[in-house]
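Visitor: I should like to be guided through this structure, one question at a time. Where shall we begin?

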Amino acid sequence: SRLWSIVETANMKKVVVNLDHRPDRWNSFVENADKARLKNYERFSAVDGSTSSATKYQSLVSNNSPPQMRCPGVIGCIGSHIQIWEKCLADNIPYAVYEDDATFTERYNDNVAAIYNEASNLRSGWDVIFLGYHMDENVENITEKRLELEAKWPTTLISNFVEMCAHWNMSDPFGPFHGGTFGYLLSPRGAKKMLDCTMKLG
């Protein structure tokens with residue numbers, strides 16, 4: 001589409017986080033990306049949380065965190081994304097970041113293009129745009145809520161996110177919908193904020 005061509009020609013680097021010992025997940029991502037017509041991405045060698053190279057990131061996880069948040073997988077995830085944020089800031093260009101288990105909807109290209117186009121035209125600029133969500137399947141009427149969200153997305157996502165931030169609830173920030181690092185767009189300004197926040201708060 002015309003909008004997607006804007007994303008493809010934009011000065012944006014696309015990286016896919018993948019562990020060196022998981023070529024199977026890389027191959028799976030490539031297959032899914034081909035179906036979604038995603039091009040011009042490159043593999044980013046993920047931090048292995050079970051190795052000594054990840055030690056410096058362990059201090060970013062609070063000792064009060066539940067055990068599942070202090071496992072090698074989480075430590076590696078933290079280290080991988082911190083390295084990507086540092087590269088985004090150093091390169092001074094936007095990044096599209098995907099994890100190797102990310103999946104794509106049929107309208108992925110059109111939706112992301114519309115969001116990126118809208119964000120690029122914001123006078124205030126933009127920091128980070130999450131490209132998906134997890135659903136809490138235990139929430140009542142979750143299917144109706146999901147359909148309601150997707151019917152509005154992406155045309156009102158930017159304004160809704162701004163409004164959501166103004167009424168942030170730290171105990172339940174997304175309600176039944178939870179973001180993640182499996183896919184997001186990141187600006188250099190956003191990378192700096194993410195790094196500053198991570199170093200201060202963990």
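Guide: We may begin with a pair of strands in this predicted model. E1 and strand E3, residues 95-99, pair over 5 bridges, and the sense of the pairing is parallel.

Visitor: Which residue of E3 stands opposite Lys-14?

Guide: E1 covers residues 13-18, and Lys-14 belongs to its pairing with E3. Just before it, Lys-13 has Tyr-95 as its bridge partner in E3. The residue of E3 opposite Lys-14 is Ala-96.

Visitor: E1 also pairs with strand E2; which residue of E2 stands opposite Val-17?

Guide: Strand E2 comprises residues 41-45, and 5 bridges join it to E1. These two strands run parallel. Opposite Val-17, in E2, stands Phe-44.

Visitor: How many of the 6 residues of E1 are buried?

Guide: A residue counts as buried when its relative accessible area is under 20%. Strand E1 is largely enclosed by the rest of the structure, because the number of its 6 residues that are buried is 5.

Visitor: Which residues of E3 are buried on the side that holds Ala-96?

Guide: In a regular strand, side chains alternate between the two faces of the sheet. E3 is mostly covered, with 5 of its 5 residues buried. One side holds Tyr-95, Val-97 and Glu-99. The buried residues on the other side are Ala-96 and Tyr-98.

Visitor: E3 is also joined to E7; which residue of E7 is the bridge partner of Val-97?

Guide: E3 and E7 run antiparallel and are joined by 4 bridges. Strand E7 spans 183-186. Within E7, the bridge partner of Val-97 is Tyr-184.

Visitor: Is Ser-187 buried or exposed?

Guide: Ser-187 is found in the loop between strand E7 and helix H8, the latter covering 188-201. Leaving out residues up to four places away in sequence, Ser-187 touches Cys-88, Pro-94, Trp-126 and Asp-127. Its relative accessible area is 5%, and the cut-off is under 20%. Ser-187 is therefore buried.

Visitor: What separates the C-alpha atoms of Ser-187 and Trp-85?

Guide: Along the chain, these two residues are 102 residues apart. In the model, the separation of their C-alpha atoms is 9.1 Å.

Visitor: What is the relative accessible area of Ala-191?

Guide: Ala-191 lies in helix H8. Apart from neighbours within four places in sequence, Ala-191 is in contact with Trp-85, Cys-88, Leu-89 and Leu-186. The C-alpha atoms of Ala-191 and Leu-89 are separated by 5.9 Å, although the two are 102 residues apart along the chain. Ala-191 is buried, and its relative accessible area is 0%.

Visitor: How far apart are the end C-alpha atoms of helix H4?

Guide: Helix H4 has 20 residues, 72-91. At 1.5 Å a residue, H4 should span 28 Å. The model agrees, since the end C-alpha atoms of H4 are 28 Å apart.

Visitor: Which residue with a positive phi follows H4?

Guide: The buried residues of H4 include Trp-85 and Cys-88. After the helix comes a residue whose phi is positive, near 60°, namely Asn-92.

Visitor: What length does helix H2 reach from its first C-alpha to its last?

Guide: Helix H2, residues 23-35, has 13 residues. At 1.5 Å a residue, 18 Å would be expected. The value in the model is close to this, at 19 Å.

Visitor: How many disulfides are counted?

Guide: A disulfide is a covalent bond between the sulfur atoms of two cysteines. Cys-77 is partly exposed, with a relative accessible area of 28%, and Cys-197 is partly exposed as well, at 40%. The cut-off for a disulfide is a pair of cysteine sulfur atoms within 2.5 Å. By this rule, the number of disulfides is 0.

Visitor: Over which residues does pLDDT stay under 50?

Guide: The protein averages a pLDDT of 75, and 66% of the residues score at least 70. Where pLDDT is low, the predicted coordinates should not be read in detail. One stretch has 18 contacts beyond four places in sequence, yet its pLDDT stays under 50: residues 153-174.

Visitor: What percentage of the residues in the protein is buried?

Guide: The protein has 8 helices and 7 strands. Of its 202 residues, the buried share is 36%.

How values were computed: Residues numbered from 1 in each chain as written. Predicted model: local features only at pLDDT ≥ 70, side-chain atom pairs only at ≥ 80, totals over all residues. Heavy atoms only, no water. Buried < 20%, exposed > 50% of the residue type's maximum accessible area, 1.4 Å probe, protein only. Expected span 1.5 Å × (residues − 1). pLDDT = per-residue confidence, 0-100. Contact = heavy atoms within 4.5 Å. Pairing = 2+ DSSP bridges.
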